[in-house]
Amino acid sequence: MTAKVAVLMGSDSDLPVMREAVEMLRRFEVPCDVRVLSAHRSPEVTADFARSARGEGFACIIAGAGGAAHLAGVVAAHTSLPVIGVPLAASDLGGLDALLATVQMPAGVPVATVAVGKAGARNAGLLAVEILALSDNGLCERLDEYRAQQTASVDDKNSRVQEQLDLT
């Protein structure tokens, strides 16, 4: 696989959450590059990265930020690559502000938005894998295996619950 995913975060304090996206990408052996970029504190650097991302071999960008959460939107405004926004709980509003800022993009500048926090970061990694799997049969097979493992895990949990309740 030559395509890679950029995982961006607005601050180094976002790493504990955004690590979930990185770990999901690693699970599927998808190369990624992790960077701290800020829509507000380093807007030119952020825009330059977004404009050059396709040429640098990126196929998808995951961007996590809290508060006003404009990182994903600023990146999307400067690239035609798919951008996945991860809202982070970085304020007293518990991530609701970031969720609304990320999901309410104007028409013409799409950002796929996932859940707030770690589950969202994990799903962002998985969504990036699904996007790349459209053109990578090996990755598609690994994704199918992952889904089958999820199903088997639920079946196992169901059996244990049934046994604990003596319903079998």
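**Close-up 1. The largest pocket and its lining.** On a 1 Å grid over the protein atoms alone, a pocket is an open set of points where a 1.4 Å probe fits, with protein on both sides within 12 Å along at least five of seven lines. Grid points are joined across faces, edges and corners, and a volume is the space filled by probe spheres set on the points. By that recipe, the largest pocket here has a volume of about 260 Å³. It is lined by 18 residues (each with an atom within 4 Å of a point), and those closest to the centre are Gly10, Ser11, Asp14, Ala65 and Gly66. Sorted by class, the lining has eight nonpolar, eight polar and two charged residues; Asp, Glu, Lys and Arg count as charged, Ala, Val, Leu, Ile, Met, Phe, Trp, Tyr, Cys and Pro as nonpolar, and the others, Gly among them, as polar. Please keep in mind that this is a predicted model, where local features need pLDDT of at least 70, side-chain atom pairs count only at pLDDT 80 or more, and totals for chains, interfaces and linings use all residues. Residues are numbered from 1 along each chain as its sequence is written, and side-chain values use heavy atoms, with hydrogens and water left out.

**Close-up 2. Phenylalanine 28 meets tyrosine 146.** The structure holds two aromatic pairs, meaning rings of Phe, Tyr or Trp (its six-membered ring) with centres within 6.5 Å. In this one, the ring centres of phenylalanine 28 and tyrosine 146 are 5.3 Å apart and the planes stand at 65°, so the pair is edge-to-face (planes over 60 degrees apart; under 30 is stacked and the rest tilted). The pair links distant parts of the chain, 118 residues apart: phenylalanine 28 is in the loop between α1 (15–27) and β2 (32–36), and tyrosine 146 in helix α6 (residues 137–164). Helices (H or I, at least four residues) and strands (E, at least two) are DSSP runs, numbered from the N terminus. Both phenylalanine 28 and tyrosine 146 are buried, that is, under 20% relative accessible area (exposed is over 50%, partly exposed in between; 1.4 Å probe, protein chains only).

**Close-up 3. Phenylalanine 58, with a ring partner and a charge.** The rings of phenylalanine 49 and phenylalanine 58 have centres 5.5 Å apart and planes at 65°, so this pair is edge-to-face too. Phenylalanine 49 and phenylalanine 58 are buried. The charged end of lysine 4 sits over the ring of phenylalanine 58, 4.6 Å from its centre (the criterion is NZ of Lys or CZ of Arg within 6 Å of the ring centre and within 35 degrees of the ring normal).

**Close-up 4. Salt bridges between helices.** There are five salt bridges in the structure, each a side-chain nitrogen of Lys or Arg within 4 Å of a carboxyl oxygen of Asp or Glu. Glutamate 20 bridges to arginine 122, with the closest N and O atoms 2.6 Å apart. Since glutamate 20 lies in helix α1 and arginine 122 in helix α5 (residues 118–133), the pair ties together parts 102 residues apart in sequence. Glutamate 20 is buried at 14% relative accessible area, while arginine 122 is partly exposed at 38%. Arginine 147 forms a salt bridge with glutamate 130, the closest N and O atoms being 2.3 Å apart. Here arginine 147 belongs to helix α6 and glutamate 130 to helix α5, 17 residues apart.

**Close-up 5. A bridge within helix α2, and a network.** Aspartate 48 forms a salt bridge with arginine 51, with 2.6 Å between the closest N and O atoms. The two are three residues apart in helix α2 (residues 43–52), so about one helical turn separates them. Elsewhere, Asp33, Arg35 and Glu56 are linked in a network of salt bridges.
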